Amino acid sequence: MTVSQLRRTIATPGLLAYTLIDSDAGDEPLGHVELVTVPTTGTEPRLARVLLAPAVRGRGWAARLVALALEEARAQGLRSLALTVIATNEAAIRTYTKLGFVIVDHPRPDALAMRLDL
Ligand SMILES: CC(C)(COP(=O)(O)OP(=O)(O)OC[C@H]1O[C@@H](n2cnc3c(N)ncnc32)[C@H](O)[C@@H]1OP(=O)(O)O)[C@@H](O)C(=O)NCCC(=O)NCCS
């Protein structure tokens with residue numbers, strides 16, 4: 001994700017973005033998580049675009065970023081969060097499971113729906 005894409009994302013109503021930046025290494029985003037509090041489709045608030053730059057993977061940064069989004073969701077009084085993940089994405093599924101998400105559906109052969117009661 002580029003800085004200009006990030007700026008557009010941040011300007012979207014009902015969407016909060018958490019971005020990981022190494023302040024010693026410039027302003028290039030290294031990680032990103034979106035909390036969609038006012039979904040335009042579907043029925044539940046959700047997490048979206050959870051991603052880390054390859055250079056910073058394997059150190060648990062995704063869980064830390066997602067935890068910030070969960071804190072905000074709770075502070076806003078949201079009751080649950082949904083997300084969709086590719087069924088073979090072990091690192092992502094483990095990240096979400098550790099934070100309390102459970103698999104609730106298998107909407108496509110290659111995808112899992114997960115949900116967290118906040
Ligand atoms: C998914 C992603 C955000 C996870 O980032 P991360 O914080 O670096 O995750 P980690 O590599 O620390 O792994 C998280 C957990 O999964 C475990 N894990 C990683 N790969 C695994 C595998 N192949 N099988 C089983 N467990 C695995 C890790 O051991 C770790 O568990 P632990 O915390 O109990 O030690 C990152 O890999 C990424 O950006 N991937 C590309 C984008 C993407 O797929 N986003 C998810 C969209 S839903």
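**Entry 1: H2, inside**
I started with H2 in this predicted model and looked up its buried residues. Ala-62, Leu-65, Val-66, Ala-69, Leu-70 and Ala-73 came back as buried. Looking down the helix axis, I find these buried residues within an arc of 145 degrees, so they line one face of H2.

**Entry 2: H2, outside**
Next I checked the other side of H2, where Arg-74 and Ala-75 are exposed.

**Entry 3: what sits on the buried residues**
I then asked what covers the buried residues of H2. The cover includes four strands and a helix: E1 (15-20), E2 (31-36), E3, E4 (80-86) and H3.

**Entry 4: H2 geometry**
I counted 15 residues in H2. From first C-alpha to last, H2 reaches 21 Å, and that is close to the 21 Å expected at 1.5 Å a residue. After the helix comes Gly-77, and I noted its positive phi, near 80 degrees.

**Entry 5: around the ligand**
On to the ligand, which has 18 residues around it. Which of them come nearest? I get Arg-57, Ala-62, Glu-90, Ala-91 and Arg-94. The elements giving two or more residues to this shell are strand E3 (46-52), helix H2 (61-75) and helix H3 (90-98). H3 supplies the largest share, six residues. So much for who contributes; I also sorted the shell by class and got nine nonpolar, four polar and five charged residues.

**Entry 6: cross-check**
Ala-62 turned up twice in my notes: it is on the buried list of H2, and it is also among the residues that come nearest the ligand. H3 did too, as part of the cover over the buried residues of H2 and as the source of six shell residues.

Definitions and conventions
Residues numbered from 1 in each chain as written. Predicted model: local features only at pLDDT ≥ 70, side-chain atom pairs only at ≥ 80, totals over all residues. Near = placed C-beta within 6 Å. Nonpolar A, V, L, I, M, F, W, Y, C, P; charged D, E, K, R; others polar. Expected span 1.5 Å × (residues − 1). Buried ≥ 20, exposed ≤ 12 C-beta atoms within 10 Å, placed from the backbone. Arc of directions from axis to C-beta. Contact = placed C-beta atoms within 7 Å.
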